[in-house]
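User: Please take me through the labels attached to this entry, and set each of them against the rule behind it.

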Amino acid sequence: MHIADGVLPTSVAIGAFAVSIAVFAWSARKAKTEDLPKIAVVTSAFFVASLIHVPLGPTSVHLLIPGLVGILLGSSAFVSVALGIILQSLLFQFGGITALGVNALMMGVSALLCGYVFRAIKGPSLSGHVFAGAITGGLGVVLSAIILALFLVTSGEDFWGVAKIALYVHLPVVLIEAAVSAFSVSFLYKVKPDLLDISFSATNLNSSPKEPGSSERS
Amino acid sequence: MEMKPSVEIIQLPLSFLLLGLSALVVTWLLCFRLLKAFSASKSSGSSSPTSQSYTGSETEKDWTLPSMDSHAHRDSLFHRWDPRIKLLSLFVYIFCVASITQVPTACIALLSAIGSVAAAHIPFRHPLRRLAAMGGFLGMLLLIMPLTAPAKQGDTLVVFQHLSFMTFNFRGFLLALLICLKASAIALMMEPLLGTSPFSITIHALARLGVPQQVCQMILLTHRYIFVFFHEMKRMNAGMKARGFRNKTNIETVRTLGNFVGMLMVHSFERTQRVYEAMTARGYNGTLPDYISFQALQQDWIKGAFWIILGVVLVGMDRLW
């Protein structure tokens, strides 16, 4: 769920812009020039994945996968998510242009944290990866829902009810995201495990594909 | 729910609520019908997945992924405007609209947005899709805010007979309405802002305005890849359907979709490697060649000044009302 234009006070919107530009700069500095096309590709995959709808009873929810972006890109995840948010806003009006900063922080910070958490708790085994994938997949949604609620709370007492309901609405999404992430991670572990080894030093990003011996999994 | 003494309470019979609800449902259905009609060509395309999957037909109208600049070739005041000044002044204007706090000024902003879409010679179904995309969020606000906004001094509460636990706070409703108006006004302005020059020109103009080269390039690359992967996704989806996959609420669907996302990632990574090598082979060195020159004439500055002044006047009216 992205925040539309005109919901938040302008000061909050501009402040969020400033903070997200700072985080973006930090995240972009960690990425090298030769990684840029790669980040662009994951961003478009992230964007396209948000068009996949998972049926949920009578309605359906679309995938958010901030967790998966964090898993795949590490510290560059914020760049990727922010670009995805910009394009979603420009193309679809998913999230307003004045709320770009807020929406980028909402998804991007959770993607970054998910990347760190995934790296910290994944073990060497398949089950460890799947478990970590499920945790980070769910965590990504929980974190973005919490950040969304926090931003809504800043808009005044009138928005507290909306913030609370926005939190509840995300609960079923957490389960779906956790399951999808777990299955995706399990798939990647079997098919292309070096993608999951992407660490927070940008050099790995470029050297890993195409070299079967480069992964250090046991 | 306890009432504060200074709150004005209006009692309405239950039939009013039913009337309002049915009006809401009817409007909802009408909007839905309208959208269905607009996206009719899309559904007719997807009902025959085999015919369109491998041809990669670029001619087929794709309603799910709208292109921003399909009307960039037309001619209007907005098209003839230097993109740099257009971006900058409309951006300032949009922020002014976002800081409006009164419903009447928001209405003026909405009207001026409708006027400028018409002036930009863009058919209205384009911005309509933008409005539809916000529908869920704004609908939620309209539904929830009147019910949850806390009663303050001087508020008007509407209570229905037999349903005393539900109080509609008129102030909450106005607040939600204000947000809807502002969001729609801004969403409509996106069309004159982005739809009146080719996307690549818009991004080059952003680069001239000081947005880092790398960021602009990333936006361009990503924008390109989105369409590539959307085609990829449609192809994979057709393959899944051909093997008997049906979207349902069960763990099997989730497992398949998980693998689907994983496959999308694998494909995309492999593709990047090739694309990057191809780009390097063609002399890519981290910058895109800059062959576009912008020229700001006096009338460009006048238009820019007009929008900024309009924005400031709107905010001024809003505060002094």
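Analyst: Helices here are DSSP runs of H or I with at least four residues, strands are runs of E with at least two, and both are numbered from the N terminus. Helix 8 of chain B is followed by Gly210(B), whose phi is positive, near 110 degrees. The model is predicted, so that local features need pLDDT of at least 70 and side-chain atom pairs pLDDT 80 or more, while totals for chains, interfaces and linings use all residues. Residues are numbered from 1 along each chain as its sequence is written, chains are lettered from A and ligands numbered from 1 in the order written, and side-chain values use heavy atoms, without hydrogens and water.

User: Which residues of helix 8 of chain B are buried, and what covers them?

Analyst: In helix 8, which spans residues 199-208, the buried residues are Phe199(B), Thr202(B), Ile203(B), His204(B) and Ala205(B), where buried means under 20% relative accessible area, exposed over 50% and partly exposed in between, with a 1.4 Å probe and protein chains only. Their cover includes helix 4 (77-92) of chain A, and from chain B helix 4 (83-98), helix 7 (170-194) and helix 9 (213-242).

User: What makes the pair Arg171(B) and Asp158(A) a salt bridge?

Analyst: The rule asks for a side-chain nitrogen of Lys or Arg within 4 Å of a carboxyl oxygen of Asp or Glu, and the closest N and O atoms of Arg171(B) and Asp158(A) are 2.8 Å apart, so the pair qualifies. The pair crosses between chains, from helix 7 of chain B to the loop between helix 6 (126-154) and helix 7 (160-191) of chain A.

User: Why is Asp158(A) called buried, and why does Arg171(B) count as partly exposed?

Analyst: The relative accessible area of Asp158(A) is 9%, which falls under the 20% limit, and therefore Asp158(A) is buried. Arg171(B), at 24%, lies between the two limits and therefore counts as partly exposed.

User: How many salt bridges join chain B and chain A, and what is the distance between Lys192(A) and Glu270(B)?

Analyst: The count between the two chains is 2, against 8 over all chains. The side chains of Lys192(A) and Glu270(B) meet at 3.8 Å, N to O, so this pair too satisfies the distance limit.

User: Where do Glu191(B) and Arg130(B) lie?

Analyst: These two side chains form a salt bridge at 2.8 Å, N to O, and the pair links distant parts of the chain, with Glu191(B) in helix 7 and Arg130(B) in helix 6 of chain B, 61 residues apart. Both Glu191(B) and Arg130(B) are buried.

User: What separates Arg235(B) and Glu232(B)?

Analyst: They form a salt bridge at 3.5 Å, and because they are 3 residues apart in helix 9 of chain B, about one helical turn separates them. Arg235(B) is partly exposed at 36%, whereas Glu232(B) is buried at 7%.

User: How many residues of chain B are in contact with chain A, and what area do the chains bury between them?

Analyst: With contact meaning heavy atoms within 4.5 Å, 69 residues of chain B touch 68 residues of chain A. The buried area, which is the accessible area (1.4 Å probe) lost on putting the two parts together, summed over both, comes to about 6400 Å², with 81% of it on carbon and sulfur atoms. In chain B, Phe137(B), Met218(B) and Phe269(B) lose the most area to chain A, together 12% of what that side buries.
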